[in-house]
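Student: I have a model open and would like to go through it residue by residue and helix by helix. Where should we begin?

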Amino acid sequence: MNKSKNVSLLKYSSLVILTLQNALVGLSMRYARTRSGDMFLSSTAVLMAEVAKLVTCLVLVLFEEGSFNKFLNTLNQIIIKQPKDTFKVCVPSLVYIIQNNLLYVSASNLDAATYQVTYQLKILTTAFFAVVILKKSLLKIQWGALVILLAGVILVQLAQGTPKVVPSGADQSRILGFTAALTACFLSGFAGIYFEKILKGSDISIWMRNVQLSLLSLPIGYITCYLNDSEFIWNHGFFFGYDGFVIYLVLLQACGGLIVAMVVKHADNILKGFATSLAIVISCVASIYLFDFHLTFQFTMGAALVICSIFMYSHQPKTPPKSDKHSRSEML
């Protein structure tokens with residue numbers, strides 16, 4: 001009985017954590033990129049998030065191994081002595097760096113609610129790459145869900161009016177924001193499925209894979225910083241515009257993927273869908289009070305279709321056909 005209660009507690013704790021993480025990332029990025037004051041460089045924030053993620057994963061691997069000597073030996077055996085295997089992760093490392101920079105562009109130009117809804121197109125792109133790369137088959141209800149998802153996002157985009165002036169005074173471009181979000185969705189789908197293929201093709205733990213991912217992301221992120229912002233960094237410094245809120249945002253982003261990886265063990269697809277849908281509702285309500293967002297009927301209908309599609313796509317029949325290789329859907 002106690003074991004059953006513990007499982008339920010873990011499941012619903014996972015729901016709360018995943019919901020808050022999903023909602024807070026969009027809201028926090030939008031606030032950080034539109035508030036008044038000195039503006040930090042998104043390229044440096046992406047790099048620092050990878051640093052924080054690497055440190056966190058190294059600590060998790062240390063706990064996993066149980067002793068410092070075993071920890072060092074594992075790093076040596078997996079990372080140093082298997083360079084070909086380590087460099088397999090180079091592709092998603094590059095893709096994730098580009099994707100995370102694009103998400104900042106999107107958050108800078110789309111309100112938090114629209115950003116949250118639009119970014120759910122990653123479900124569509126993930127499904128596409130799952131079929132193409134992993135040769136997975138989708139149920140009819142899932143294909144229907146993807147069509148409804150696309151219709152919902154189109155409605156949300158058409159519902160947006162002229163961009164408002166934000167406290168930072170930066171120009172807002174809805175087209176740029178949507179293009180950045182759409183590109184990020186394609187990159188997210190490809191990188192997620194590619195990484196899944198790597199994980200399934202070896203017995204290396206997910207934390208060690210994330211160590212490899214971050215180690216390779218650091219030089220790529222560093223190069224990105226200096227290709228895009230070298231002059232600004234040279235004149236103003238790497239940490240220009242950083243304050244407590246930016247540090248919080250960097251840590252939130254660093255922990256995001258790790259939180260999802262942990263809760264996947266305890267939350268099924270229905271709960272993950274519920275968490276994502278609830279995050280959209282929270283973002284919409286919070287945007288009304290924080291960013292003077294006006295909720296229109298068209299936006300509401302579009303968001304409702306997206307939420308409906310998430311539940312449809314997450315649905316797993318109790319007795320799936322034997323020919324259908326149904327696997328869990330990653331909605332990160």
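Tutor: This is a predicted model. We can begin with Val91, which is partly exposed at a relative accessible area of 33%.

Student: In which helix is Val91 found, and which residues does Val91 touch beyond four places in sequence?

Tutor: Partly exposed covers values between 20% and 50%, so the 33% of Val91 falls in that class. Val91 belongs to helix H5. Not counting residues up to four places away in sequence, the residues touched by Val91 are Phe190 and Tyr194.

Student: How far apart are the C-alpha atoms of Val91 and Leu213?

Tutor: Along the chain, Val91 and Leu213 are 122 residues apart. In space, their C-alpha atoms are separated by 9.3 Å.

Student: Are H5 and H10 parallel, perpendicular or oblique to each other?

Tutor: H5 spans residues 90–109 and H10 spans residues 206–236, and the two pack at an angle of about 50 degrees with their axes 8 Å apart. Roughly parallel needs an angle under 35 degrees, and roughly perpendicular needs 65 to 115. The relation of H5 to H10 is therefore oblique.

Student: What is the handedness of the crossing of H5 and H10, and how many charged residues does their contact have?

Tutor: The H5 and H10 crossing is right-handed. H5 contributes Cys90, Pro92, Ser93, Leu94, Tyr96, Ile97 and Asn101, while H10 contributes Leu213, Leu216, Ser217, Ile220, Gly221 and Thr224. By class, this contact of H5 with H10 has eight nonpolar and five polar residues, and the number of charged residues is zero.

Student: Is Thr224 buried or exposed?

Tutor: Thr224 sits in helix H10. Leaving aside neighbours within four places in sequence, Thr224 is in contact with Ile97, Asn101 and Asp229. Since the cut-off for burial is under 20%, the 18% relative accessible area of Thr224 makes this residue buried.

Student: H5 also meets H2. Which residues of H5 make the contact with H2?

Tutor: Helix H2 covers residues 42–65, and its axis comes within 9 Å of that of H5, crossing at roughly 130 degrees. H2 and H5 are therefore oblique to each other, and their crossing is right-handed. On the H2 side the contact is made by Ser42, Ser43, Ala45, Val46 and Glu50, and on the H5 side by Ile97, Asn100, Asn101 and Tyr104.

Student: How many residues of each class does the contact of H2 with H5 have?

Tutor: Among the residues in this contact are Val46 and Glu50 of H2. By class, the contact of H2 with H5 has four nonpolar, four polar and one charged.

Student: Which backbone oxygen does the side chain of Thr125 reach?

Tutor: Thr125 lies in helix H7, residues 122–133, and counts as buried because its relative accessibility is 4%. Beyond four places in sequence, Thr125 touches Cys185, Phe186 and Gly189. The side chain of Thr125 comes to 2.6 Å from a backbone oxygen, that of Cys185.

Student: For the protein chain, what share of the contacts with a separation of 6 or more comes from residues 24 or more positions apart?

Tutor: The protein chain has 13 helices and zero strands. Of its 332 residues, 49% count as buried. Among contacts with a separation of 6 or more, the share from residues 24 or more positions apart is 86%.

Notes: Residues are numbered from 1 along each chain as its sequence is written. This is a predicted model: local features need pLDDT of at least 70, side-chain atom pairs count only at pLDDT 80 or more; totals for chains, interfaces and linings use all residues. Side-chain values use heavy atoms; hydrogens and water are left out. Helices (H or I, at least four residues) and strands (E, at least two) are DSSP runs, numbered from the N terminus. Buried means under 20% relative accessible area, exposed over 50%, partly exposed in between (1.4 Å probe, protein chains only). A polar contact is a pair of N or O atoms within 3.5 Å; within protein, one must be able to donate a hydrogen and the other to accept it, and residues adjacent in sequence count only if both atoms are side-chain atoms. Contact means heavy atoms within 4.5 Å. Axes are lines fitted to C-alpha atoms, for helices over the stretch in contact, and angles run from 0 to 180 degrees between N-to-C directions. Angles under 35 degrees count as roughly parallel, over 145 as roughly antiparallel, 65 to 115 as roughly perpendicular and the rest as oblique. A crossing is left-handed if the near helix is turned anticlockwise from the far one by less than a right angle, and right-handed if clockwise. Ala, Val, Leu, Ile, Met, Phe, Trp, Tyr, Cys and Pro count as nonpolar, Asp, Glu, Lys and Arg as charged, and the others, Gly among them, as polar.
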